[in-house]
Amino acid sequence: MDCLFCKIVAGDIPSSKVYEDEYAYAFRDINPQAPVHILIVPKEHIPSVDGINSSNSAVVAKIFEAIPKIAAQEDLGGGYRVISNCGDNACQSVKHLHFHIVGGAQLSEQMA
Ligand code: AMP
Ligand code: ZN
């Protein structure tokens, strides 16, 4: 499958890794929108939030267990935002489920 984030998880495309476990892989966004901008993805290919179901939701729970660990590692005690763009209206550009972890500064109140 021609998927950028599957290739990053496999190590075929380089990335700046910040966290990895059996289910998830996290790396720095190549075009950061804030001082800290990390992407966390499931190692298995799930196209988007819309592709989450009862057979794969356990890995999504694992991702959400990993996020606070990454936040602590990155000194995000002041707060951070977790975002997942799903589909065209949300401008999802990579069709492999990912959660943006954004912080390290006061963020805008604007969400859309
Ligand atoms: P989205 O627009 O929500 O699908 O987010 C995709 C994100 O992937 C964007 O923030 C891009 O900057 C980021 N991105 C694209 N290619 C790479 C890459 N090779 N390494 C790290 N981040 C990337
Ligand atoms: Zn993929």
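Q: In what order do the elements of the protein chain run from the N terminus on?
A: They go α-β-β-β-α-β-β, which comes to two helices and five strands. Here helices (H or I, at least four residues) and strands (E, at least two) are DSSP runs, numbered from the N terminus. This is a predicted model, where local features need pLDDT of at least 70, side-chain atom pairs count only at pLDDT 80 or more, and totals for chains, interfaces and linings use all residues. Residues are numbered from 1 along each chain as its sequence is written, and side-chain values use heavy atoms, with hydrogens and water left out.

Q: What makes the protein chain as compact as a globular protein of that length?
A: Set its radius of gyration (taken over C-alpha atoms) against the globule rule, 2.2 Å times the number of residues to the power 0.38. The chain comes out at 13 Å, close to the 13 Å that the rule gives for 112 residues, so it counts as being as compact as a globular protein of that length.

Q: How do you know that S1 and strand S2 pair?
A: Two strands pair if DSSP finds at least two bridges between them. S1 and S2 (residues 24–28) have three bridges, in the antiparallel sense. Across this pair, Lys-17 stands opposite Phe-27 in S2.

Q: What makes strand S1 and strand S4 the edge strands?
A: The open sheet of five strands has the order S1-S2-S3-S5-S4, with antiparallel pairing. S1 (17–20) and S4 (80–83) each pair on one side only.

Q: Why is Ser-48 called buried?
A: Buried means under 20% relative accessible area, exposed over 50%, and partly exposed in between (1.4 Å probe, protein chains only). Ser-48 has 10% relative accessibility, so it counts as buried. You'll find Ser-48 in the loop between S3 and H2. It touches Cys-86, Gln-92 and Leu-97, leaving aside residues up to four places away in sequence; touching here is a contact, meaning heavy atoms within 4.5 Å.

Q: Is Cys-91 buried or exposed, and what about Cys-3?
A: Cys-91 has a relative accessible area of 59%, so it is exposed. Cys-3, at 6%, is therefore buried.

Q: Why is there no bond between the sulfur of Cys-91 and the closest cysteine sulfur?
A: A disulfide is a pair of cysteine sulfur atoms within 2.5 Å. The closest cysteine sulfur, in Cys-86, is 12 Å from that of Cys-91, so the two are too far apart for a bond. A search of the whole structure finds zero disulfides.

Definitions and conventions
Chains are lettered from A and ligands numbered from 1 in the order in which they are written.
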